[in-house]
Amino acid sequence: MLSFIGGTGPEGLGLAFRFLLAGEDVIIGSRSAERAAAAADKLKEMLASSPSGDATPSGTAQGMENEQAVKAGDDIIITVPFGGQADILALLRDAIGDKLVVDTVVPVKFAKGKISAIPVEEGSAAEQAQRVLPEATVISAFQNLSAETLMDPHEAVDCSVIVCGNDLEAKKKVMGLAEKIEGIRAIDGGGLANSRYVEDLTTLLLNINRIYKAHSSIQITGL
Ligand SMILES: NC(=O)c1ccc[n+]([C@@H]2O[C@H](COP(=O)([O-])OP(=O)(O)OC[C@H]3O[C@@H](n4cnc5c(N)ncnc54)[C@H](OP(=O)(O)O)[C@@H]3O)[C@@H](O)[C@H]2O)c1
């Protein structure tokens, strides 16, 4: 069971949709039980109208407040904006305990017409999450995947997902999870300290998207 903290936004919904298609059960977490329930209903509608929705048995979707969601989930995925990450994780620290936490967060700001990276004291959003959750195993992944692509049932996912973390077993687990999504190739990006490069790459991709009016992503070649 995968639980999303802040799963009501496009990134959480998009990843949850693709995991549902892959047969995984998901819980959408939110600060509001109503928004969580509405998001789970939306996922069920997306699944029903998806071209591949009937072809394979899909997982189940439920909505809960964040605290219940992280308690009920086996593994946790964080999909909140960077500005809210440290506070919400501090609130949920006891409920998360020593679980595996996948961080998708990108420290990016949109100001005065510019898209730029936010400097992070700990080095990266993922390292900030690990600082706030010392008992948990934080692995970073999925930052270079566009939520618009993930949420569009008619669009194929075709990209590399770079996975960074200090616990090899947990990293391999997340790589396996990522590859359950059709079209994803998981790449071992090394330790959690390398997450800063992956996160900042998203800021570049967002600038490219603005220029090309597209949803760009990355492919690692030569491996
Ligand atoms: N969008 C993309 O294409 C994309 C791609 C790669 C990575 N990411 C990363 O994924 C994360 C989520 O992106 P998104 O576009 O889905 O973000 P979003 O829509 O701005 O936020 C996602 C959810 O987070 C919760 N939230 C918002 N502010 C919060 C706060 N201060 N404290 C706690 N929860 C808060 C909200 O849920 P409730 O109000 O229901 O609690 C919201 O629906 C971001 O860190 C982003 O950098 C996004």
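Three exercises on a predicted model follow, each with a worked solution.

The model is predicted, so local features need pLDDT of at least 70 and side-chain atom pairs count only at pLDDT 80 or more, while totals for chains, interfaces and linings use all residues. Residues are numbered from 1 along each chain as its sequence is written, and side-chain values use heavy atoms, with hydrogens and water left out.

**Exercise 1. The ligand site**

Task: Describe the shell around the ligand, its polar contacts and the pocket.

Solution:
1. Collect the shell. A residue is near the ligand if one of its heavy atoms lies within 4 Å of it. The shell has 23 residues, and Thr8, Ser30, Arg31, Val80 and Ala147 come nearest.
2. Sort the shell by type. It holds 10 nonpolar, 9 polar and 4 charged residues. Here Ala, Val, Leu, Ile, Met, Phe, Trp, Tyr, Cys and Pro count as nonpolar, Asp, Glu, Lys and Arg as charged, and the others, Gly among them, as polar.
3. Assign helices, which are DSSP runs (H or I, at least four residues) numbered from the N terminus. α1 (10–21), α4 (82–96) and α6 each supply at least two shell residues. α4 gives the most, with 3 residues.
4. List polar contacts (pairs of N or O atoms within 3.5 Å). In the side chain of Thr8, an N or O atom is 2.6 Å from a ligand oxygen. Val106 places a backbone N or O atom 3.1 Å from an oxygen atom of the ligand. For Ala147, a polar backbone atom is 2.9 Å from a ligand oxygen.
5. Compute the burial. The ligand alone exposes 890 Å², and the protein buries 76% of that. These areas come from the Shrake-Rupley method with a 1.4 Å probe.

**Exercise 2. Positive phi**

Task: Compare the settings of Phe142 and Lys213.

Solution:
1. Read the angles. Phe142 is not a glycine, yet its phi is positive, about 75 degrees. Lys213, also a residue other than glycine, has a positive phi near 50 degrees.
2. Place them. Phe142 lies in the loop between β8 (137–140) and α6 (147–151). Lys213 is in the segment after α8 (195–212).
3. Apply the accessibility cut-offs: buried is under 20% relative accessible area, exposed over 50% (1.4 Å probe, protein chains only). Phe142 has 1% relative accessibility, so it counts as buried. Lys213 has 74%, so it counts as exposed.

**Exercise 3. Along α2**

Task: Locate Ser49 and give its separation from Ala33.

Solution:
1. Ser49 lies in helix α2 (residues 33–49).
2. Ser49 is exposed, with a relative accessible area of 51%.
3. Ser49 and Ala33 are 16 residues apart along the chain, and their C-alpha atoms are separated by 25 Å.

Terms used
Polar contact = N/O pair within 3.5 Å; in protein donor to acceptor, adjacent residues only side chain to side chain.
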